[in-house]
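Let's take a walk through this one together. Have the viewer open and follow along.

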Amino acid sequence: PGASDLVTVMPARQNDGIDHARKSLCVDEASTAGVKGAAFGIAVSAPLVAVAHYTSPMFRMFSVSTKTGLVVMPFFGFFFLNSELAMNACAQRRKQFADGVGR
């Protein structure tokens, strides 16, 4: 098939009102913020759990699952928190931009 056949097969991109380039930037910002938050969470929680394990006889009685949960919960928590905050900030910037353009 020729190039003209390909045009008729592929549907035209609909104007859905979304600036996909700006949306992609927001997702990239949120991902970066999430990774930074996750790194912070693991950097804080892992040493604290290790110190507690080696210094507290009572803490040693906790199961491996409990200790693992204490390490990974801040990791995931900070990832999701920072990602969501970055997405909200980006949405606010997009709204302000749209309001400014509409005037």
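What follows starts with a charged pair and then moves on to two other residues.

A quick word on ground rules: this is a predicted model, where local features need pLDDT of at least 70, side-chain atom pairs count only at pLDDT 80 or more, and totals for chains, interfaces and linings use all residues. Residues are numbered from 1 along each chain as its sequence is written, and side-chain values use heavy atoms, with hydrogens and water left out.

So, how many salt bridges does the structure hold? Just one, taking a salt bridge as a side-chain nitrogen of Lys or Arg within 4 Å of a carboxyl oxygen of Asp or Glu. The partners are Glu29 and Arg93, and their closest N and O atoms sit 2.6 Å apart. This pair ties together distant parts of the chain: Glu29 belongs to helix α2 (residues 20-55) and Arg93 to helix α4 (residues 64-102), 64 residues apart. Helices here are DSSP runs (H or I, at least four residues), numbered from the N terminus. Glu29 has 36% relative accessibility and counts as partly exposed; Arg93, at 40%, counts as partly exposed too. The cut-offs are under 20% relative accessible area for buried and over 50% for exposed, with partly exposed in between (1.4 Å probe, protein chains only).

Helix α2 is also home to Lys23, which is partly exposed at 39%. The C-alpha atoms of Lys23 and Arg94 are 8.9 Å apart, with their positions 71 residues apart along the chain.

Now look at Ser83 in helix α4. Its relative accessible area is 11%, so Ser83 is buried. Beyond its neighbours within four places in sequence, Ser83 is in contact (heavy atoms within 4.5 Å) with Ala30 and Gly34.

How values were computed
Helices (H or I, at least four residues) and strands (E, at least two) are DSSP runs, numbered from the N terminus.
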